[in-house]
Amino acid sequence: MLENFFASYFDLSGLILCPVLGSIILLFIPNSAIRLIRFIGLCVSLLTFLYSLVLWIKFDPSTAKFQFVESVRWLPYENIHLYMGLDGLSLFFVILTTFLIPICILVGWSGMRSNGKEYIIAFLICEFLMIAVFCMLDLLLFYVFFESVLIPMLCGAEHLIFAGIKLFLCRGLVQKIKAAYQFFLYTLLGSVFMLLAILLILLQTGTTDLQILLTTEFSERRQILLWIAFFASFAVKVPMVPVHIWLPEAHVEAPTAGSVILAGILLKLGTYGFLRFSIPMFPEATLCFTPFIYTLSAIAIIYTSLTTLRQIDLKKIIAYSSVAHMNLVTIGMFSRAAAVRSPIWSYGHTSKAKTCVPACDPSTY
């Protein structure tokens, strides 16, 4: 009976809409009721976290297929759908997101005085966008939400994540503006190439459905071109050397809650993009560029590790060590991708090992 109740009342769209509904409720509460605002924001974020745990309970780990799939046709003249679903890879990113948002709200609890409503709303909208990123199975809509995460990160109050509504009242005005614009420009400019690549894919295949694209074969030259375009976007989010310069400034100028979101979730968007799109969609190009990834990542690990040793600011220590950590993750991802397609790995890899994590391995798609 409990399983039937979960199946009837808990779906993916409900999880995505929870933070949105909480934000709408907060819009009708006056700024002076700061205690009520904080309480509602925390309750909504905790409810979203519990909702994600219910989806985890319902999740079937024995299959590599996408689950909780929902599709809504929103562009009748194009083969583009609001297509959502979860697999073993995206499920735990969603849980990580819903777990960290209540922590971020609690971290800034005592500091919410003026503009506290905008602070809470920005975090809830940010949660909605990040959950949508991990759930989207349409390539174009993934890009829309992938870039929309920048909006709440740059438009909040003096307690908000980076810039602030009352920025002109903040100390270190120039540095805060610099950090905000570096973060925005690096990520946005890198993603322009990804948008062009998505449009090229749409023109060639007539669809942006991820499950169809995973079975579509591109020529080797086309794969290389598309891989480079996707790499330009994801490498900034990781970040990889030399496009990592925005991260230390953003960490230093951000409040503690902003640093938690940045290190805990936003830096994972780039590696998620590699795992979800670049590696399974462009396998030949991935093998071709694997030595290049190894080189960049090794340089980043050594350089940022040595730079970390010279820092005395805790946030810069976190920033540079995060770059080293994420580049180590990148080496692991591409090592796995190269090994899966090599005869040595195929010979030594037993079928039992393959069935242990079928829903988490992008190569099984």
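Visitor: How much area does the protein expose, and what supplies it?
Guide: The protein exposes about 16,600 Å², and carbon and sulfur atoms supply 70% of it. Such areas come from the Shrake-Rupley method with a 1.4 Å probe. This is a predicted model, where local features need pLDDT of at least 70 and side-chain atom pairs count only at pLDDT 80 or more, while totals for chains, interfaces and linings use all residues. Residues are numbered from 1 along each chain, and side-chain values use heavy atoms, leaving out hydrogens and water.

Visitor: What makes Cys-104 count as buried?
Guide: Buried means under 20% relative accessible area, exposed over 50%, partly exposed in between (1.4 Å probe, protein chains only). Cys-104 has 0% relative accessibility, so Cys-104 is buried. Cys-135, also at 0%, is buried too. Across the protein, buried residues make up 54% of the 365 residues.

Visitor: Why does Cys-104 form no bond with the closest cysteine sulfur?
Guide: A disulfide needs two cysteine sulfur atoms within 2.5 Å. The closest cysteine sulfur to that of Cys-104 belongs to Cys-126 and lies 8.7 Å away, so the gap is too far for a bond. The count for the protein is 0 disulfides.

Visitor: Which residues of α6 and α10 meet?
Guide: Contact means heavy atoms within 4.5 Å. Leu-139, Phe-142, Phe-146 and Glu-147 in α6 meet Phe-230, Ser-233, Phe-234 and Lys-237 in α10.

Visitor: How many helices and strands are there?
Guide: The protein has 16 helices and 2 strands. These are DSSP runs, with helices (H or I) of at least four residues and strands (E) of at least two, numbered from the N terminus.
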